Amino acid sequence: MKKNCRYFLFLLLPLLGVLQLANAQQISLYQQYNGRYGFTFCGNTLNLTENNNLPGVPAPPCEILTESSQELVLQDGDNIVAAYLYWAGSGTGDFEVSLNNTIINAERTFSAVGNNGAAYFAAFADVTTQVINETATTYTLSGLDLTEVIPNYCPFGGNFGGWAIVVVVQNDSLPQCQLNVYDGMQRIPGSVNILLTNLNVVSGIDSQIGFLAWEGDKNIAVGESLTINSITVQNTLNPTTNAFNGTNSLTGSTTLYNMDLDVYDLEGFVNPGDTEATISLSSSQDFVMLNCVVTKLINELPDATVQIMDYDVSCNIRTLDITYQVSNLNSTATLPAGVIVLFKANGSVIGTAITNTPIPVAGSILGTITLEVSSQLPNPVSIELVVDQNELGQTFVQELNEDNNTYVEEISFPKSPNFNNISNAISCNVGNGSGFFDFSYARTEAKANEDDEVALFYSYEDALAGTNEIAVGNESILSNGSPTTIYVRIRNTAGCETFTSFNLTTQRCKPKVYNLVATDEDGFYDELIVEGLEDIFQYDLYIYNRYGRKVWSGNWRTGIWRGKSNVQAWQSDELPEGTYYYVLHLNAEEFPEPLTGFIHLTR
């Protein structure tokens with residue numbers, strides 16, 4: 001699989017230590033890859049020649065290209081996993097360029113100031129998708145136009161421009177290692193120091209370091225060096241005192257004017273058993289800007305992490321069932337069995353577990369545990385999982401990264417919802433304790449929280465089972481008995497439930513007397529009509545004529561008046577048309593006074 005820029009693997013396992021040097025942005029760890037990884041560079045300069053000149057030699061022309069190309073080469077079995085584009089130049093910045101005619105905008109930018117106060121810039125974009133999908137083998141960066149910028153830089157040799165792509169690959173034929181990509185914008189003279197810790201080097205073979213630097217000059221060779229563990233590193237392109245000399249170790253070019261893409265083998269500089277390494281780049285005179293550093297070490301260590309995958313809580317109790325996962329994902333060695341996992345609630349240990357099987361590279365195992373969380377702790381509670389640590393804070397497994405062993409999640413224990421007491425529904429007794437009811441108000445009245453759901457049922461058993469629910473809109477009924485109980489289930493968003501109830505109750509209301517009796521037997525007003533009387537009150541009723549003489553008396557046993565007399569002293573039982581008066585004794589404590597009024601009798 002061809003794409004040209006030589007391929008090298010940099011794997012180191014560091015937690016980036018200290019990179020010292022002021023000005024611009026400190027070089028720091030951008031991405032780390034653990035496993036069978038490697039990478040390659042691809043890039044080119046925009047300078048036509050060196051930007052400085054030797055004494056007695058005419059100054060170079062103040063010219064610069066706006067585009068350049070380079071081929072990218074991959075090895076058989078390489079699978080691209082990341083591609084990072086860097087471009088840089090004189091001035092305050094050109095942050096939109098094109099890569100193979102695809103417009104690229106900077107996602108991150110860097111800046112630096114030279115010894116004479118001149119401004120320089122660099123930019124970054126993740127072009128992984130484009131490079132993975134690219135069918136071409138040659139990459140052209142265009143649109144980086146510095147022609148109007150460099151005239152102020154040419155007199156002192158500060159005019160430059162260029163670009164590079166760092167391509168990270170995975171290949172099953174590669175050894176387990178750790179690859180680290182660092183970037184920033186640190187200036188030299190001075191030194192840049194990188195401390196790599198948490199190492200377990202198993203071989204110095206194939207270990208390498210590479211860097212991308214800008215503005216190096218091959219004509220200035222004063223105190224330029226790259227050292228590993230205080231030992232100076234060199235190769236055929238880069239002598240011990242001229243590390244920044246416009247070379248490309250991937251292509252063998254010595255005309256990569258004012259930029260460097262260099263790679264060094266580290267065999268003999270790192271050795272099996274090393275637990276740390278110090279990298280230092282320095283210059284005593286030449287102004288150089290370091291933009292990217294890549295390291296590779298054959299370093300075998302596991303990396304334990306832990307997280308909660310799922311948990312179950314029940315309403316109104318503090319029992320917590322957790323499914324957790326212990327992983328060895330970003331690692332280069334198997335994680336042994338017997339690793340401790342601590343479970344804490346608000347900082348206090350409430351449980352422990354131990355892994356019972358080894359976990360291979362990129363592997364994970366699941367575990368479950370039931371925890372009891374004190375009711376004295378607040379709700380929600382902070383549940384913390386810590387892997388490879390006992391209650392005394394001791395660790396037992398050396399790892400690639402000792403700072404990623406903790407997982408924290410806030411967990412709430414659900415409680416049954418609060419609710420409002422529901423008013424009983426009261427209806428007038430329409431006979432035998434029956435009444436007409438509309439209790440739709442109960443759905444709203446019960447809620448103490450607007451998000452709760454309210455359901456109504458005719459039995460407690462149905463409420464518990466959630467069956468035969470009274471549908472919305474069906475809350476208007478004729479109840480045939482008093483009281484009738486309606487059961488209410490209130491459910492909150494956590495799924496917890498509370499049950500309550502209210503009654504449909506009838507009461508004796510004041511009867512309504514219609515003041516017409518028509519004895520024509522047509523079925524209308526054939527007798528005195530009194531709503532809310534029969535089967536409700538044990539009443540006594542008296543009818544009087546307009547002279548005050550009683551013409552009829554009856555009660556709840558005898559029935560109602562039909563326009564006749566039942567008083568023996570009266571001359572006929574058929575009463576004449578006219579106005580009559582009633583006195584209705586309800587015989588109820590709610591209505592101690594009789595009801596009175598007139599009735600018009602017709603025939």
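Is E527 buried or exposed, or does its relative accessible area place it in between? Select E527 in this predicted model and the residue turns out to be partly exposed, because its relative accessible area is 31%, while buried means under 20% and exposed over 50%.

Keep E527 selected and add R562, whose side chain meets that of E527 in a salt bridge with an N to O distance of 3.0 Å. This pair links distant parts of the chain, since E527 lies in the loop between β32 (516–518) and β33 (530–531), whereas R562 lies in the loop between β35 (550–555) and β36 (578–585), 35 residues apart. R562 is also partly exposed, with a relative accessible area of 38%.

Move next to R489, R491 and E497, which are joined into one network by salt bridges that share partners. Within this group, R491 forms a salt bridge with E497, and their closest N and O atoms are 2.4 Å apart. R491 counts as partly exposed at 27% relative accessibility, and E497 counts as partly exposed at 26%.

Now select R108 and D183, which form a salt bridge whose closest N and O atoms are 2.5 Å apart. The two residues are 75 residues apart in the chain, with R108 in strand β8 (residues 108–113) and D183 in strand β12 (residues 177–196). R108 counts as partly exposed at 25% relative accessibility, but D183, at 3%, counts as buried. In total, the structure holds 8 salt bridges.

For the last stop, select D310, D312, D321 and E372, which form a negative surface patch. E372 is placed in strand β22 (residues 363–372), and this residue counts as exposed because its relative accessibility is 52%.

Terms used. Residues numbered from 1 in each chain as written. Predicted model: local features only at pLDDT ≥ 70, side-chain atom pairs only at ≥ 80, totals over all residues. Heavy atoms only, no water. Patch = residues over 30% accessible without salt bridge, like charges linked within 9 Å, V, L, I, M, F, W, Y side chains within 5 Å. Areas by Shrake-Rupley, 256 points an atom, 1.4 Å probe, with all protein chains shown as cover. Salt bridge = Lys/Arg side-chain N within 4 Å of Asp/Glu carboxyl O. Lys, Arg positive; Asp, Glu negative; His and termini not counted. Charge placed at Lys NZ, Arg CZ, Asp CG, Glu CD. Helix = DSSP H or I, 4+ residues; strand = E, 2+ residues; numbered from the N terminus. Buried < 20%, exposed > 50% of the residue type's maximum accessible area, 1.4 Å probe, protein only.
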